[in-house]
Each structure stands twice: as C-alpha cells, then as structure tokens.
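Grab a pencil and open the viewer. Below are a few short exercises, each with a worked solution.

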Amino acid sequence: MVGAGPEINDGEIWDPLGFSKLFDRNFDFNMVMTYPHVQWLREAELKHGRVCMLAFVGMVTQSFFQIPGEPQEPNYWKALDACYADPVGRLGVVQISVFIALMEGKYFPEDAWVGQMDREPGDLGWDPLKFAKKPGFDLQEKQLTELKNGRLAMMGVASLACEHVLPGSVPLLSGAPALAREAGPAAPVPAFCGATAAGRAKAPRTQAKYTTQTILPALAWIKTGFKESDLAPTELRAVNLGGVDVLVGKTEAGKLFCVGNLCPHLGTPMSEGADVIGDTIVCPLHGSSWKVGDGELIDWCPSPPIIGPLTGLVIEKKKLAIFEARSGFFGGDIEVQVDTNAKKAYEADYWKGILDAQGKNDGTYY
C-alpha cells in the first residue's frame, strides 16, 4: 500500500499499535467486521488530509485577503457566521454543501470497512489534466507526497485550533490576526463558605428499600426460551436469566455449553462478535480465550499488538464464568442453572454503604 513508508523499515508498514491488524480475527470466522479494515483507515486518512489541506490554506488566506464585495471577515472563526448573514454568502454555503453531498454519494467507500472496496483508497479517478498519463510521471511518488502533505495539514489545522483556544500554545502563530480570541464573561465562581443558593431545601432522608444482610445463593434451573435444535455449531445466543447475563452456545463438535456473557477483562459483551473455535471461546475486543468446559484461561489480551497486552497488565487474569446447561428430555428446551440472588448479592455491599452513611430516621444506623 502506498504510504507504508518505503524510506523506513525496509518498506514494511510502520504500525506500532497494530491498527492494520484489528480486523483479522472476526471476519475470517463469522464474516462480522468488528474493527475496520486498513482500506477504511487509509480512505479516512486521505479524506481528512485533503480537507485539512484546503482548510489550512483557506484559514491562513482568509486572515490576510478577502474577496472585494463579499463578507469582509479576517477571523476565520467568525467567517461562517458572516456568510450566513450575507445573501450571497448563504448561496455559496449551499453550493459547497450540495457539491460535497454529490461527491460523497458518488464516491462513497462502500465495503471499505471489510476490505472489499472496488477501488484503491482515495482514488476517485479524477485527473482532468491527465498528469498520470504524462511520460515519466511517477504516480506512487505523487500519492505518497499527497499523503504526507495531508498529514502535515492535519497537524497544521490542529495547531491553529490550539492557538485559538490556548493563546501562546503555538509560538509561531502567536499574534496572527485571525487568532485573537475575544474575552468572554467570567464564569460565576461558586461560593465555598459563602451564602447558599436561595430556595434549595434539604432533601429528606430516603426510606430503606434494600437490605444489608448477607444474601445467600438461590440456585434454580431457568428455561432460556429456545431449544437445542435451534443452535447450530459455534452459534451463540445471549440471554438474561434471573438477572444474570449468560451466553449459550455450541462447540464446533455440537456440544452445548453456557458461559458468562461479560468478558472478565473489561466486561465486554461476548455476544458482540465472539468466536467459538473448537471448544474455545475468543473475546472480540482483545482476543482473550477460555475453554468453554471449565473456564480455564488460554490467552490473555493478545491483540491488538501493544495495546492489548498493556490493558491486560492492569487487570488480574481471571477464569470465565461457567454455568450448568442441559436440554430437556421431551421438548429439547435448554435450561441453565443460575443463582437468582446473584444480582442482590452483588448490590448488597453498595447499598450497605449507602444506607450506613444515610442513617435511620430515628438517628441510629443500619
């Protein structure tokens, strides 16, 4: 791909955070693209770069030159408002908007997210001056030049915005005529030890609605609402049973299993793109994998490179929650054994802290 950086890494793509590899896992197994293909990333980069090249030139030029007879506003932060206030300016904004809509519709990067776009990223086939057909014209060199200029323009536009919001943050732009920021009215400072706002009444004590006693497990077999025959091998279905989020599925061999739907790492719903490979389930976010039979951890946050392992370092490695699942003898309905008091037990410590801090209406504590 053009822009991989032939002058560095011996032509290898410089991608230390592994963004170009994010799409690989899910699409190969279930045709569901959780992360964008590198085609979509490059299309977005080129589009942002082109917009910023136009924007940077326009923002700087607007500071020093204006078209006679048109709205005279050197400050580009106010230029759009000046266009809206002028009849001709409004027509210009409409014209630009319609043109952008037409171009976006005609050259929409369909299927770029899954890497199946019918053109190269950024290639709109628009070459009215026939530069690409001239002898000795190096198209790849010009594409790389455009890409790098676009990256530089994105940094330039960001620096203009930073200088406007934080004067002096970009020394080379200090004092530019279009970067002066008007001083707004000072925000009211809340009183620390001063007067309290009038009309604010003290909230009454809340009646205790939750217990602080120890909650014991209450195991029960609950029907999921679907049959074993409804599930194909490697298929997954999420369901909430008695306040517990579980994920019911089958291995590649067709064996029924049930695991917790939330990844032990960051609580990612496993139902949103997880893969079943053999008797292993793989989290769609960072690629952690567990055995579906006993919840044994196989791999902890291997992807994307660098980011995945770093996020895994700060959280203790854990097994995946496993639930007993069975299929009814007569109807084939799938049932799962869950603790119907799990939610209450989980919330008990929270409510105990709230109620202890609140106290009873008679002045005592729970």
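**Exercise 1.** Which residues on the other side of α3 are exposed?

*Solution.* Before starting, keep in mind that this is a predicted model.

Step 1: find the buried side. In α3, the residues Y76, A79 and A82 are buried. Those residues sit on the same side of α3, because the arc they cover around the axis is only 80°.

Step 2: recall how helices work. With 3.6 residues a turn in an α-helix, residues three or four places apart point the same way.

Step 3: turn to the other side of α3. There you'll find D81 and A85, both exposed, meaning over 50% relative accessible area.

Step 4: ask what the buried side faces. The buried residues of α3 pack against α2 and α5.

**Exercise 2.** Work out what span helix α2 should have, and check it against the model.

*Solution.* Step 1: take the length. Helix α2 covers residues 38–64, which is 27 residues.

Step 2: get the expected span. Multiply 1.5 Å by one less than the number of residues, and α2 should span 39 Å.

Step 3: compare. The end C-alpha atoms of α2 are 39 Å apart, so the two agree.

Step 4: look at what α2 hides. Its buried residues are Q39, R42, E43, L46, G49, C52, M59 and S63. Their cover includes α3 (76–85) and α5 (139–165).

**Exercise 3.** Find the order of the strands in the open sheet of 4 strands, and name its edge strands.

*Solution.* Step 1: trace the sheet. The order is β5-β6-β7-β8, and the pairing is antiparallel.

Step 2: pick out the edges. β5 (275–277) and β8 (297–299) each pair on one side only, making them the edge strands. From one strand to the next, the twist averages 30°.

Step 3: zoom in on one pair. Strand β6 (residues 280–282) runs antiparallel to strand β7 (residues 289–291), with 3 bridges between them. Look across from I281 and you'll meet W290 in β7.

**Exercise 4.** Now try the open sheet of 3 strands: why is one side of β1 and of β9 left without a neighbour in the sheet?

*Solution.* Step 1: write down the order, which is β1-β10-β9, with antiparallel pairing.

Step 2: check the ends. β1 (219–227) and β9 (325–327) stand at the edges with a single partner strand each, so one side of each has no neighbour in the sheet. The twist here averages 30° from one strand to the next.

Step 3: follow β1 to its partner. β1 and strand β10 (residues 333–339) pair in the antiparallel sense over 6 bridges. As a spot check, K223 has E335 in β10 as its bridge partner.

Note on methods: Residues are numbered from 1 along each chain as its sequence is written. This is a predicted model: local features need pLDDT of at least 70, side-chain atom pairs count only at pLDDT 80 or more; totals for chains, interfaces and linings use all residues. Side-chain values use heavy atoms; hydrogens and water are left out. Helices (H or I, at least four residues) and strands (E, at least two) are DSSP runs, numbered from the N terminus. Buried means under 20% relative accessible area, exposed over 50%, partly exposed in between (1.4 Å probe, protein chains only). Contact means heavy atoms within 4.5 Å. Two strands pair if DSSP finds at least two bridges between them. Axes are lines fitted to C-alpha atoms, for helices over the stretch in contact, and angles run from 0 to 180 degrees between N-to-C directions. The arc is that of the directions from the helix axis to the C-beta atoms.
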